[in-house]
Amino acid sequence: MISRGLRRGRLSKASAVVLRRVVPWTIMQYRSVSSTVSRMMHPVLYSFRRCPYAIRTRMALLIAGQMVVVREVLLREKPCAMLTASSKGTVPVLVMPDGGVLEESIDIMHWALRNADDPALLSGRAGSMTVQQALVDRNDREFKHWLDRYKYHVRFPQAEQLYYRRQAETFLQLLESHLCSHRFLFADEMLFADVALMPFVRQFAAVEPQWFDQCDYNRVRGWLNRLTSTAVFKRAMKKQIVWDADNSAETQFLLNPLSGSMS
Ligand SMILES: N[C@@H](CCC(=O)N[C@@H](CS)C(=O)NCC(=O)O)C(=O)O
């Protein structure tokens, strides 16, 4: 089961509704709906398809129904426009039409959800946001640290890959305990923490898929499968041509609108 807003798959912005009336969804989805107007009206998201931080923001933007123009970048060849907006050089970066910049994935998620029609979307029961955020912080600080070492163990020869995996597993054990009483981490519906953490656990699972398929973390595996089966995840992972400022064939498109079921 997923949240009300997702089930409705509704558009949150009047402009999205208008656009959808005049532009068939299939065209919106597969062709670049890119024009000076869309860039001026909507924030620009610099993104990299496989980056877990970018995945969580694309999902949150979709869930919140926020219209953005997505520019897929290559990490080894970051566009000047992105570096001018954010010299930090990491994705995701969200550049607002008024020039404001958000350069942390969590900030972009919060911005997207704050501006959604339903501000309580993904927050869960009153008060649960603080607890969710604490788990997300632990992911970003601790799990990500061990995940990088597990995944790129060749670059960290101080210890064996197995050692790094075992360190990362501490976090999986915590997630497993969260999943004892509900289908998602904090409820029977997908909330903020599920979206924020899932791309990292997915990355962990992909390091040794055979081991992960047979490991004891059955609930985590089921949770991950549920999340990767959602329409919102599939939509967020759709391949996009790399954006090139010099290329006259525009490649950015609007992430929204969504239509139909999100589950
Ligand atoms: N704290 C940042 C971290 C973002 C991050 O580290 N992104 C990676 C890609 S997954 C990146 O852009 N790395 C820069 C590089 O590889 O050059 C956030 O939450 O947005």
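Which residues of α8 are buried? Keep that in mind as you open this predicted model.

**Stop 1: the whole protein.** Show everything as a cartoon. You should find 13 helices and five strands. The protein has 263 residues, and 38% of them count as buried. Now think about contacts between residues at least 6 apart in sequence. Of these, 76% join residues at least 24 apart.

**Stop 2: helix α8.** Select residues 128–151. Look along the helix to F143, where α8 bends by about 40 degrees. Next, color the buried residues: Q132, L135, V136, N139, F143, L147 and Y150. That settles the opening question. F143 is thus both the site of the bend and one of the buried residues.

**Stop 3: the cover over α8.** Add residues 105–114, 161–178 and 192–207. These are α7, α9 and α10, and they are among the elements that cover the buried residues of α8.

**Stop 4: helix α5.** Select residues 52–64. From first C-alpha to last, α5 reaches 18 Å, close to the 18 Å expected for its 13 residues. Here 13 of the 13 residues are buried, so α5 is largely enclosed by the rest of the structure. Step on to G65, which follows α5 and has a positive phi, near 70 degrees.

**Stop 5: the ligand.** Select the residues around the ligand: F48, C51, P52, Y53, L75, G89, T90, V91, P92, E104, S105 and I106. You have already visited two contributors, since α5 and α7 each supply at least two residues of this shell. Try coloring by type. The shell divides into eight nonpolar residues, three polar and one charged.

Methods: Residues are numbered from 1 along each chain as its sequence is written. This is a predicted model: local features need pLDDT of at least 70, side-chain atom pairs count only at pLDDT 80 or more; totals for chains, interfaces and linings use all residues. The bend at a residue is the angle between axes fitted to the seven residues ending there and the seven starting there. Helices (H or I, at least four residues) and strands (E, at least two) are DSSP runs, numbered from the N terminus. A residue is buried if 20 or more other C-beta atoms lie within 10 Å of its own, exposed if 12 or fewer, and partly exposed in between; C-beta atoms are placed from the backbone. Two residues are in contact if their C-beta atoms, placed from the backbone, lie within 7 Å. The expected span of a helix is 1.5 Å times one less than its number of residues. A residue is near a molecule or strand if its C-beta atom, placed from the backbone, lies within 6 Å of it. Ala, Val, Leu, Ile, Met, Phe, Trp, Tyr, Cys and Pro count as nonpolar, Asp, Glu, Lys and Arg as charged, and the others, Gly among them, as polar.
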